[in-house]
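Visitor: I've got a fresh model to look at and a few things to ask. Can you walk me through it?

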Amino acid sequence: MAIAKAERLMNLALCLLGTRRPLTKRELRSSIEAYIEASSDDSFNRMFERDKDDLRELGLVIETVEGIEGDIGYLARRDSNRLPPITLDAEEAAALGLAAKIWQQARLAGAASGALQKLRAAGMPLAGEGADYDAGQPHSALEPRIPAHEAAFEPLMLACRDRRPVVFDYRKSNAAHPEQRQVEPWILECWRGHWYVAGWDRERKAERVFRLSRITGKVRSRQGKFTAPVPDHVTVRETVESWAGETATGTARIRLRAEHGYPLRARALTVRDLGDGWDELEIPNGHGLDAWLVEFGPDVVVLEPAELRAEVIDRLRAVAKG
């Protein structure tokens with residue numbers, strides 16, 4: 001049904017943009033297949049009025065013109081519906097190119113690619129194609145990528161855009177089984193290669209942040225509007241950083257298998273080679289560090305503090321029971 005309506009709107013837009021004179025309802029009905037197949041004049045009139053309103057809502061300027069004989073005609077003048085020239089500086093073009101890369105595995109990859117091709121044809125270099133981030137300074141040959149492999153990414157992105165509540169099953173890192181969450185999603189953000197969605201948890205009546213890779217099954221949309229106001233600024237990254245121990249309140253000692261756990265090594269305060277295929281690291285310790293350490297599985301052994309070691313063991317036992 002959605003495809004049929006999109007095709008009907010496209011055909012109506014093409015008719016209105018392609019004519020040099022106003023077209024009457026009668027002429028439009030005889031020119032568009034979906035209107036020809038309408039069961040009655042009333043059905044056609046309702047369909048046409050909805051389509052006309054939808055096109056106007058999408059930004060198409062449709063003029064209503066009264067003819068000499070009193071007939072009402074419609075047209076969309078090209079000069080009224082032409083976008084102004086697009087000018088982007090090097091940083092804006094680079095940012096746009098990087099944003100389009102999010103869709104490289106998603107359903108809108110074709111649309112994003114087409115948009116970038118039009119910008120290239122206009123002579124605008126984009127990220128990964130010789131664009132300069134600073135005047136006279138070509139960017140690195142290393143090309144940044146923002147993967148969006150999780151199946152939950154696209155439905156959540158659309159729900160954030162449309163301000164639409166969703167329901168999904170979510171499994172916390174220390175839980176054996178997933179729990180259903182009813183969420184009003186606000187924003188998606190990528191941090192250290194993982195996507196997170198922030199929003200209002202209706203059952204807990206509080207702001208929450210969820211990691212997309214822990215969402216199981218499908219994200220299902222729900223009818224109705226948001227019940228909580230959307231804040232002007234959502235601190236997704238700050239919240240996740242605190243969970244990952246970024247807001248340090250002390251230090252911890254761990255054993256880490258050699259040549260493993262680069263993210264932990266990058267944050268280590270000290271590293272000592274134990275000579276048996278393991279290294280001993282001192283790392284910042286903060287709220288949520290246990291959940292992050294669990295992700296490294298058998299490559300990490302917590303030495304101290306004892307509270308952190310117990311929390312990691314509890315989480316591993318919960319995963320093993322699942």
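Visitor: Which residues does Leu156 touch, not counting residues up to four places away in sequence?

Guide: Quick caveats before we start: this is a predicted model, where local features need pLDDT of at least 70, side-chain atom pairs count only at pLDDT 80 or more, and totals for chains, interfaces and linings use all residues. Residues are numbered from 1 along each chain as its sequence is written, and side-chain values use heavy atoms, with hydrogens and water left out. Taking contact as heavy atoms within 4.5 Å, Leu156 touches Val166, Phe168, Leu188, Val197, Leu212, Ile215 and Val219.

Visitor: Which element gives the most to the largest nonpolar core?

Guide: A nonpolar core here is a set of buried Ala, Val, Leu, Ile, Met, Phe, Trp, Tyr and Cys residues joined through side-chain atoms within 4.5 Å; buried means under 20% relative accessible area, exposed over 50%, and partly exposed in between, with a 1.4 Å probe and protein chains only. The largest one has 18 residues, and Leu156, Phe168, Leu188, Leu212 and Ile215 touch the most other members. Two or more residues each come from α7, β6, β7, β8 and β10. With six residues, the top contributor is α7.

Visitor: What is the strand order in the open sheet of five strands?

Guide: Strands (E, at least two residues) and helices (H or I, at least four) are DSSP runs numbered from the N terminus, and two strands pair if DSSP finds at least two bridges between them. The pairing in this sheet is antiparallel, and the order is β9-β8-β7-β6-β10. The strands at the edges, each pairing on one side only, are β9 (206-211) and β10 (215-221).

Visitor: How many bridges join β7 and β8?

Guide: Let's work across from the β10 side. β6 (residues 166-170) pairs with β10 over four bridges, with Tyr170 partnering Ile215. Between β6 and β7 there are five bridges, and Phe168 has Arg181 as its partner in β7. Glu184 stands opposite Trp200 in β8, and the β7 and β8 strands pair antiparallel over a count of eight.

Visitor: At about what angle does α7 run to β7?

Guide: Axes are lines fitted to C-alpha atoms, for helices over the stretch in contact, and angles run from 0 to 180 degrees between N-to-C directions. Helix α7 (residues 153-162) lies across β6, β7 (179-191), β8 (194-201) and β10. Its angle to β7 is about 90°.

Visitor: Which residue forms a salt bridge with Arg211?

Guide: A salt bridge puts a side-chain nitrogen of Lys or Arg within 4 Å of a carboxyl oxygen of Asp or Glu, and that rule gives 23 of them. Arg211, in strand β9, has a partner 84 residues apart, in the loop between α10 (289-294) and β14 (300-304). Arg211 is buried at 10% relative accessible area, whereas the partner is partly exposed at 39%. With the closest N and O atoms 2.6 Å apart, that partner is Glu295.

Visitor: What about Lys52: buried or exposed?

Guide: Lys52 forms a salt bridge with Glu49, with the closest N and O atoms 3.0 Å apart. The two are three residues apart in helix α4 (residues 41-57), so about one helical turn separates them. Glu49 is partly exposed at 28%. Lys52, at a relative accessible area of 7%, is buried.
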